[in-house]
Protein chains: 2
Amino acid sequence: MNEHAFRSAAADAADRLADHWRSLAACELPVVPPGPPGTTLGVLPETAPERGEDLTDILDDTWRTIVPQLVHWQHPNFLGYFPAGNSPASVLAELVTAGLGVQGMMWSTSPAATELEQRVCDWLARALGLPARFTHASGRGGGVIQDSASSAALAAVAAALDRASGGRWREHGTEGRLRVYCTDQANHSVRKVVRVAGVGAPVLVPTVPGTHSMDPAALAGRLDADRAAGLVPAAVVATVGTTATCAIDPVPRIGAVCRDRGVWLHVDAAYAGSAALCPELRVADAEPDLADSYAVNAHKWMRTGIPCDILWVADRGELTGALGATSSYLRNDATDSGQVVDFKDWQLPLGRPMRALKLWYVLRAHGLEGLREVIRHDIRLAGLLASLVEREPGFRLVAHRLGLVVLRAETDEMTREVTRRLTGRPGVLCTPAVVDGRPVLRAALGSAYADETTVRRVWDTVRACAPPSP
Amino acid sequence: MNEHAFRSAAADAADRLADHWRSLAACELPVVPPGPPGTTLGVLPETAPERGEDLTDILDDTWRTIVPQLVHWQHPNFLGYFPAGNSPASVLAELVTAGLGVQGMMWSTSPAATELEQRVCDWLARALGLPARFTHASGRGGGVIQDSASSAALAAVAAALDRASGGRWREHGTEGRLRVYCTDQANHSVRKVVRVAGVGAPVLVPTVPGTHSMDPAALAGRLDADRAAGLVPAAVVATVGTTATCAIDPVPRIGAVCRDRGVWLHVDAAYAGSAALCPELRVADAEPDLADSYAVNAHKWMRTGIPCDILWVADRGELTGALGATSSYLRNDATDSGQVVDFKDWQLPLGRPMRALKLWYVLRAHGLEGLREVIRHDIRLAGLLASLVEREPGFRLVAHRLGLVVLRAETDEMTREVTRRLTGRPGVLCTPAVVDGRPVLRAALGSAYADETTVRRVWDTVRACAPPSP
């Protein structure tokens, strides 16, 4: 290794990144790049080089070839999808994590990586007001960092299938009778998880009319009917903060239905879960006291870079019973002692990087007060945007909760036209979606560089896309 | 953001890492840390701080609290497990990837992230001598970066179940009749993947006596018998480089058996796959011409930090048919045009970081010649270690292939005693395992800092742990 080359390239890269962030903050770059499909492929050589190249040349090419063709998720005018959180502390942690290069599959393969993860998951559980049984300190439950809400849900569903089958699932699979339940508002990923788990399609539970939230009575009826029909209800996936409208399934009432029937309740709070950092934003419907597992994407609204999802379980034995396994080459004294946590048994993959350092850096660099202020700031901006929509003739506010604002034009055709025109404007990104069968536009706040000025500018761009009233 | 604080903290972190690598190379640190369970937990506060802290203080704490309690996977005397690859180029890439902070779930959410991934997967397919149909350039197959060989296998198994069920799996799950096959030498993770996929336990196919490689005739017999019994064989997982002994399942003959029966063949070449970078190391038994999917962990033997596994498929439509799905908020013109690749449909999770930058940096910084030299160097060192074992009275060479050396003492009790004593020596790490029912020690080369001197020192430590002959 050329050590000097690394030190100077890393300092160089840090400078380029800081300059990049400044240019994003100043809106000097478009959100959406100009090139059609094939633009980047067209300039990359068809084969890998035979001989090594200088790190500086590779950095130059990154800024010449890659950066201009990215969608800039950190841009203040990026309001598409839910945000991809980031911060200097998170970036610094990725540098250190990569540099230390350890693999934390078991306690014995890097004790500090495991214990740091236990501790930061406990920190966050307390900061979010989660029940104590979700902490490692309780001796019963605990948190684990996954790469995504999908992987978290898959782990939870696996544990649920194991429980519902009385352990038979481990040897015999799903056998066609196990069922998982959610609403049609659950994230895209829930359906994929249930499919990949070998269950097929989830059973869709009706929402309460006029809302986008699961109907607990309908759930109870469906669970009982399915059980009477010889099926085996295994898990319900409730959402706190749906993608389309940030709706909240009534977790306590769903939990009571599940508890009475021994069905696993997994709560997908990928986006909205972070809001619970602020006590004034906690809502009774989101309280997971009766949940078996609960997941939040720190990489959405906690200034932490992707990937960083935290999955908490109330009973770690149920999770490791489903996902645990060993081989002779993984046996070690620490595991045999029963005194340690081996996170390989809390997730699908065997190997894993030291995942906790990033969350540790972010929580310490921002402090809980700092992260609360991030969320309050974004909510204030969303409130501003919502008020601008409401005041604008020709637009309607469809939903507004936390940092999400959903809007439409007067008619569906006009909404589609706004979307079409907006797509041609690379300076702003909102996401088209469909709510109650009607086209809408979603705008989610989250960029560290957004402020009142950028929100007003985004809104000026959107309203300028409105066609004349019919 | 305090931009100046980031620039200076990143330069500081790079300096600390370069110093850390130098101290690893000089063997100034033990491989295994001294603290018992709870050491790190004991010094971390029980709650997150309310107020933000300086990045420099966090870096100080990292080196004070975390680094001394890590197992150092990059240490030259670390021979446990398969290596966790790393290099300055890989670390630099993680810094840049984190700093750019984009989410590459679809082409439209960051075109360059997607196209760069297509290109580097093609680069690597060619460099490994994989069939052209595994490249994106073929228009039919292609590669995708996953976090682990487990996730790669899960994606492949999902596609296999979909194919074997004629698409019925998507709605109805595994239904208790679909089967997946491997040997008892397949990695730990394969069993977990098959379980999590809702199939239950894999069917274990016998190995050829005297080897640890799958018996293709036994496989054919088992597939036919299962089909005759009304079961539905869906996938075979063959291994190129098993964990215990680096055995190679005869992929071409297994492929012929699978092809004749329409069964999906997934090749798990997590460790040994990288060796195919060197033409002289390619072996006929590992050729995946008849495979449907093939996975290599660049994060094992390609100087690339974890996570970085590449999964190639021969028919991308089969993969995206199983894992693809959409929602109104994910629709976009580029996807609708059919001209782009959306990697969310090639994996379980919805979101994903820009995964390709790291592999691009590593391939360019080292060049293919540089990576070949890494592998040849490790193989030379493994050859040295194997020769030392063979010359040593009281020790036996159990297996030796590529960078892996497996050994035992004269009797099982003596091997267990060597293992016990070696566990008490924090300066060296080898892994105990069981081969053919007998305890062994595994040593896998891979540290960038290992050389003849470190190998001889490791061996001196191991042999010094031998008890007197009975």
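These questions and answers go through a predicted model of two chains, A and B. Because the model is predicted, local features need pLDDT of at least 70 and side-chain atom pairs count only at pLDDT 80 or more, while totals for chains, interfaces and linings use all residues. Residues are numbered from 1 along each chain as its sequence is written, chains are lettered from A and ligands numbered from 1 in the order written, and side-chain values use heavy atoms, without hydrogens and water.

Reader: What rotation superposes chain A on chain B?

Author: The copies are superposed by least squares on the C-alpha atoms of residues with pLDDT of at least 70 in both. The shift along the axis is 0.0 Å and the RMSD is 0.0 Å. The two copies are thus related as by a two-fold rotation axis; the rotation is 180°.

Reader: What share of the contact residues of chain A recur in chain B?

Author: Contact means heavy atoms within 4.5 Å. The same surface serves both copies, and the share that recurs is 100%.

Reader: Are helix 4 of chain A and helix 1 of chain B roughly parallel or roughly perpendicular to each other?

Author: Helices (H or I, at least four residues) and strands (E, at least two) are DSSP runs numbered from the N terminus. Axes are lines fitted to C-alpha atoms, for helices over the stretch in contact, and angles run from 0 to 180 degrees between N-to-C directions; under 35 degrees counts as roughly parallel, over 145 as roughly antiparallel, 65 to 115 as roughly perpendicular and the rest as oblique. Helix 4 (residues 88–100) of chain A and helix 1 (residues 3–25) of chain B have axes 10 Å apart at an angle of about 10°. The two helices are therefore roughly parallel.

Reader: How many charged residues are in the contact of helix 4 of chain A with helix 1 of chain B?

Author: Ala, Val, Leu, Ile, Met, Phe, Trp, Tyr, Cys and Pro count as nonpolar, Asp, Glu, Lys and Arg as charged, and the others, Gly among them, as polar. Residues making this contact include A:Leu92 and A:Leu95 of helix 4 and B:Phe6 and B:Trp21 of helix 1. By class there are 13 nonpolar and 2 polar residues, and the number of charged ones is none.

Reader: At what angle do helix 12 of chain A and helix 7 of chain B cross?

Author: A:Gly321, A:Ala322 and A:Leu323 of helix 12 meet B:Lys192, B:Arg195 and B:Val196 of helix 7. These divide into 3 nonpolar, 1 polar and 2 charged residues. The helices are roughly perpendicular: their axes come within 9 Å and cross at roughly 110°.

Reader: Is A:Lys300 buried or exposed?

Author: UniProt, in an unreviewed entry, lists A:Lys300 for "modified residue: N6-(pyridoxal phosphate)lysine". A:Lys300 lies in helix 11 (residues 298–301) of chain A, and its contacts include A:Phe82 and A:Tyr271. Buried means under 20% relative accessible area, exposed over 50% and partly exposed in between (1.4 Å probe, protein chains only). At 19% relative accessibility, A:Lys300 counts as buried.

Reader: Which residue follows A:Ile306 across a cis peptide bond?

Author: Omega of this bond is near 5°. The residue sits in the loop between helix 11 and strand 7 (309–313) of chain A. Its name is A:Pro307.

Reader: What is the relative accessible area of A:Cys246?

Author: A:Cys246 lies in the loop between strand 4 (232–239) and helix 10 (251–261) of chain A. Its phi is positive, about 60°, although A:Cys246 is not a glycine. A:Cys246 is buried, with a relative accessible area of 0%.

Definitions and conventions:
UniProt positions renumbered as here; feature names shortened; annotations may be inferred. Lists of a residue's contacts leave out its neighbours within four places in sequence.
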